[in-house]
Amino acid sequence: MARCDHCGNEYHRAFQLLTAAGETLIFDCFECAIHLLAPVCRRCKCRIIGHGIEAAGAFYCCAHCAREGG
């Protein structure tokens, strides 16, 4: 069994993700992968699961947050 790199749970169906930086991480669920890897909206602090918006080096979850964020 593999151990999740985020929560430490051991699970026989854990999966590996190779990051853009070349690091291999192990997760027991997508929730843990999202929590550890997804960027955070600069304005509302939610995890950005979809495409989101990048403006002036900042990440936003949607156009509304990007406008409100400046």
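Of the 70 residues in this chain, 20% count as buried, and I should say at once that what we are looking at is a predicted model. The accessible surface comes to about 5000 Å², and carbon and sulfur atoms make up 53% of that surface.

Let me turn to the overall form. The radius of gyration of the chain is 15 Å, whereas a compact globule of 70 residues would have one near 11 Å. Taken along the principal axes, the box that the C-alpha atoms fill is roughly 45 × 20 × 15 Å.

As for secondary structure, the chain has two helices and six strands, and if you follow the sequence you meet them in the pattern β-β-β-β-α-β-β-α. Among the contacts with a separation of 6 or more, 11% are between residues 24 or more positions apart.

On charges, the chain carries 7 positive and 7 negative ones, and their mean positions lie 9 Å apart.

Finally, the cysteines. How many disulfides does the chain have? The count comes to zero. Cys32, for instance, is in no disulfide, and the nearest cysteine sulfur, which belongs to Cys29, is 3.7 Å away. Cys32 is also buried, with a relative accessible area of 8%. Why does Cys46 not form a bond with Cys44, the residue that holds the closest cysteine sulfur? The two sulfur atoms are 3.4 Å apart, which is too far for a bond, because a disulfide here needs a pair of cysteine sulfur atoms within 2.5 Å. Cys46 is partly exposed, with a relative accessible area of 30%.

How values were computed. Residues numbered from 1 in each chain as written. Predicted model: local features only at pLDDT ≥ 70, side-chain atom pairs only at ≥ 80, totals over all residues. Heavy atoms only, no water. Helix = DSSP H or I, 4+ residues; strand = E, 2+ residues; numbered from the N terminus. Rg over C-alpha atoms; globule rule 2.2 N^0.38 Å. Buried < 20%, exposed > 50% of the residue type's maximum accessible area, 1.4 Å probe, protein only. Contact = heavy atoms within 4.5 Å. Areas by Shrake-Rupley, 256 points an atom, 1.4 Å probe, with all protein chains shown as cover. Lys, Arg positive; Asp, Glu negative; His and termini not counted. Charge placed at Lys NZ, Arg CZ, Asp CG, Glu CD.
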